[in-house]
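Hi everyone, thanks for coming. I'd like to walk you through one structure today, so let's put it up on the screen.

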Amino acid sequence: PYVGNADAIAAGKALYNANCQVCHKPDGSGGMGPSLIDDTVVNKRANTDVGIFEVIHSGAAGAMRPFSKRGVTQDQILKLIAYIHTLKK
């Protein structure tokens, strides 16, 4: 619901910088975590926004831990997804 919403994207960027960039790099190109900016999808669930939400919310195999257990709300996850969309090349 927040794709293209400048305020939500700014909030998503702040969340990304605080929680995600350490593994996915500031530009989303990947490091310990997979790239978020290309079409190579490590976890097939991440092909859709619903799947991305599930991975962020509930975690995935490997190092991706559930952000819902870190106090990140569902609304914040939606804003984070809106920001991630801006990183794609």
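Before we look inside, one term: a residue is buried when its relative accessible area is under 20%, exposed when that value is over 50%, and partly exposed in between. Please also keep in mind that this is a predicted model.

Let's begin with the overall fold. The protein chain has four helices and zero strands, so reading along the sequence gives you the pattern α-α-α-α. Its radius of gyration is 12 Å, close to the 12 Å that the globule rule gives for 89 residues, so the chain is as compact as a globular protein of that length. If you like to think in boxes, the C-alpha atoms fill one of roughly 30 × 30 × 25 Å along the principal axes.

What share of the 89 residues counts as buried? It is 33%. As for contacts between residues at least 6 apart in sequence, 46% of them join residues at least 24 apart. On the outside, the accessible surface comes to about 5,300 Å², and carbon and sulfur atoms account for 56% of that.

Now to helix H3, which covers residues 49-58. Which of its residues are buried? They are Gly-51, Ile-52, Phe-53, Val-55 and Ile-56. Helix H4 is part of what covers them. Just after H3 comes Gly-59, with a positive phi of about 85°.

There is another positive phi to show you. Most residues other than glycine have a negative phi. Lys-25, however, has a phi near 70°, a positive value in a residue other than glycine. You'll find Lys-25 in the loop between helix H2 (21-24) and H3, and at 41% relative accessibility it counts as partly exposed.

Last topic: charges. The chain carries 10 positive and 7 negative side chains, and the centres of those two sets lie 8 Å apart. How many salt bridges does a search of the whole structure find? Just one. In it, the side chains of Lys-79 and Asp-75 meet at 3.2 Å, N to O. Why is their spacing along the chain worth a look? Both sit in helix H4 (residues 74-87), and because they are four residues apart, about one helical turn separates them. In an α-helix there are 3.6 residues a turn, so residues three or four places apart point the same way. Asp-75 itself is partly exposed, at 31% relative accessibility.

That's my tour, and I'm happy to take questions.

Technical notes:
Residues numbered from 1 in each chain as written. Predicted model: local features only at pLDDT ≥ 70, side-chain atom pairs only at ≥ 80, totals over all residues. Heavy atoms only, no water. Helix = DSSP H or I, 4+ residues; strand = E, 2+ residues; numbered from the N terminus. Rg over C-alpha atoms; globule rule 2.2 N^0.38 Å. Buried < 20%, exposed > 50% of the residue type's maximum accessible area, 1.4 Å probe, protein only. Contact = heavy atoms within 4.5 Å. Areas by Shrake-Rupley, 256 points an atom, 1.4 Å probe, with all protein chains shown as cover. Lys, Arg positive; Asp, Glu negative; His and termini not counted. Charge placed at Lys NZ, Arg CZ, Asp CG, Glu CD. Salt bridge = Lys/Arg side-chain N within 4 Å of Asp/Glu carboxyl O.
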